[in-house]
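This report covers aromatic ring pairs and cysteines in one protein chain. The structure is shown first.

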Amino acid sequence: MADQRVVGATGGSIAEAAVRDFQAGLRGDLLCSDDDGYDVTRRVFNGMVDRRPAVIVRCAGTADVIRGVGFAQAHDLPLSIRGGGHSVAGSAVCDGGLMLDLSGMKGIRIDPARRTAQAQPGLTLGEFDHETQAFELATTLGVISMTGIAGLTLGGGLGWLNGKYGLACDNLLAADVVTADGRLLAASPAEHDDLFWAIRGGGGNFGVVTSFTYRLHPVGTVLGGGVTYPPARAREALRFYHEFASTCPDELSTAASLGLAEDGRPVVSVAACYCGPIEDGERVLRPLRAFGPPSADGIQPMPYLALQSGSDAGFPFGRQHYWKSSYLQDLSDDAVEVLLRFVAEKPSPISGVGLQQMCGAASRVDPAATAFPHRERHYDFLILSQWDDPADSARNVGWTRAFFEAMGPFLERGVYANNLGEEGEDRVKAAYGANYERLAALKQKYDPTNLFHLNHNITPTLR
Ligand SMILES: Cc1cc2nc3c(=O)[nH]c(=O)nc-3n(C[C@H](O)[C@H](O)[C@H](O)COP(=O)(O)OP(=O)(O)OC[C@H]3O[C@@H](n4cnc5c(N)ncnc54)[C@H](O)[C@@H]3O)c2cc1C
């Protein structure tokens with residue numbers, strides 16, 4: 001570490017001796033700006049985010065997390081927490097503060113008899129699935145294998161198994177949380193149940209989670225993959241999809257996406273996962289595979305792991321990303337027209353529009369049972385703009401905003417917190433919905449000074 005003094009966000013500085021003392025008490029590495037590994041560690045998924053923490057700690061375990069929380073408190077430093085680094089807002093990394101990088105904490109223990117997994121927060125979905133699939137077990141996580149389990153679960157966690165088994169947060173049985181006062185609290189229905197409620201949808205507002213215990217389910221081979229419909233039938237395909245999706249059984253979760261065919265016309269694809277008996281899935285998916293007929297049909301029995309990584313190539317780390325999202329209940333004819341019109345004009349060939357279905361078990365949970373409030377049967381509608389050259393940013397951001405505005409009349413007010421960029425307080429409140437006030441009171445109880453504010457932030461009630 002070459003820096004003599006480390007600049008804090010308050011404009012003051014931290015004496016080198018204090019940093020050295022901090023470093024001496026860590027098991028993991030401490031990095032400052034001229035250390036090897038600093039630049040690669042501060043990078044996050046969204047290439048638009050370029051922030052420079054004063055100090056990064058690559059935590060080796062819970063003790064480093066506790067020490068890091070104490071150091072940030074003592075020196076009044078902004079504190080950011082990195083799991084898998086996939087937040088499109090880039091909240092895993094801060095300017096001028098302390099970044100706790102948990103990505104090296106990858107321990108996991110599966111109990112096949114009890115069907116549980118105890119997992120550390122640095123695991124990606126792919127790493128977690130790899131371990132659970134050794135026993136043909138799984139729990140709901142997301143659909144891209146490089147995403148971190150931590151941020152995904154704390155914000156909700158929508159994936160292929162949501163219809164049958166609920167969201168990732170619905171499968172959380174317990175967690176260990178380092179709170180703002182440096183204590184390690186066990187959170188579960190039996191202990192600190194209010195904290196346990198808050199972290200199932202309230203994101204990183206309440207502390208640093210150092211261990212997640214999940215319920216697992218029998219999942220091995222699934223009937224998965226996707227169909228693509230001919231561009232000439234894009235309009236009817238969306239209408240058909242909406243009807244099909246509205247009646248699908250819990251074992252089936254689907255997602256529709258819109259892109260452009262080679263001739264520049266909008267094209268609709270539908271991906272699916274059926275997690276029950278394959279013969280039943282063949283019957284349930286028959287209408288989806290008959291409509292059109294599809295120009296491509298890749299639906300087949302496959303290992304769950306293959307489905308979970310099947311879309312990874314479309315989302316490499318480091319591209320420019322700008323997303324807009326809200327829930328959508330009804331895919332009306334007018335909404336379909338707006339979708340097709342904007343997709344036809346998209347400025348980046350690699351941008352996409354998705355409708356990820358939330359259904360079945362996930363939609364039947366009482367909205368007040370966990371902090372995650374949006375329990376209707378609906379789609380998570382996402383305009384996912386991505387492009388390579390920063391010089392194209394204005395054009396892509398402009399298109400995304402205009403598209404989102406045109407979709408406004410068809411969208412619900414609510415939004416999935418994990419899709420949010422930096423979009424202001426109203427959107428954050430829309431993400432926590434009717435649970436916001438209870439969350440704000442719990443924020444006051446567990447983090448009254450708002451140490452954990454680099455997230456979709458809940459303001460402590462009394463502030
Ligand atoms: C390509 C891509 C695909 C996605 N697909 C899905 C999907 O299918 N389903 C879905 O539900 N979501 C999906 N998401 C959204 C995803 O859930 C969020 O981006 C989530 O924040 C990722 O978690 P992370 O640990 O990788 O994030 P990070 O960027 O590391 O963290 C985000 C925030 O989470 C909090 N946090 C992270 N770890 C901890 C911790 N241990 N303790 C306390 N707070 C913590 C912090 O506030 C942090 O700022 C996707 C995102 C991307 C980029």
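Y379 counts as buried, at 4% relative accessibility. The model is a predicted one. Y379 belongs to strand β21 (residues 378-387), and its ring pairs with that of Y241, which lies in helix α8 (residues 234-246). The ring centres are 5.8 Å apart and the planes meet at 40°, so the pair is tilted. Pairs are called tilted when the angle is neither under 30 degrees nor over 60. The two tyrosines are 138 residues apart, and their pair links distant parts of the chain. Y241 is also buried, with a relative accessible area of 0%.

**Other aromatic contacts**

The count of aromatic pairs comes to 13. One of them joins F22 and F71, and this pair is stacked, with 4.0 Å from centre to centre and 5° between the planes. F22 is in helix α1 (residues 16-24) and F71 in helix α3 (residues 62-74), so the pair ties together parts that are 49 residues apart in sequence. Both F22 and F71 are buried.

Ring pairs also link Y229, F240, F244 and F291 into a cluster. A charged side chain takes part in a ring contact elsewhere: R438 lies over the face of W197, at 3.8 Å from the ring centre.

**Cysteines**

How many disulfides does a search of the whole structure find? The search finds zero. C248 is in no disulfide, and the nearest cysteine sulfur, 4.8 Å away, is that of C359. For C273, the closest cysteine sulfur is in C275, at 5.6 Å, which is too far for a bond. The cut-off for a disulfide is a sulfur pair within 2.5 Å.

The relative accessibilities of three cysteines are listed below.

| Cysteine | Relative accessibility | Class |
|---|---|---|
| C248 | 7% | buried |
| C273 | 0% | buried |
| C275 | 13% | buried |

C275 sits in the loop between β16 (266-274) and α9 (278-290). Leaving aside residues up to four places away in sequence, C275 touches L161, K164, Y165, V222 and E251. The C-alpha atoms of C275 and T221 are separated by 7.7 Å, although these residues are 54 residues apart along the chain.

Key: Residues numbered from 1 in each chain as written. Predicted model: local features only at pLDDT ≥ 70, side-chain atom pairs only at ≥ 80, totals over all residues. Heavy atoms only, no water. Phe/Tyr/Trp six-rings, centres within 6.5 Å; stacked < 30°, edge-to-face > 60°. Helix = DSSP H or I, 4+ residues; strand = E, 2+ residues; numbered from the N terminus. Buried < 20%, exposed > 50% of the residue type's maximum accessible area, 1.4 Å probe, protein only. Lys NZ or Arg CZ within 6 Å of the ring centre and 35° of its normal. Contact = heavy atoms within 4.5 Å.
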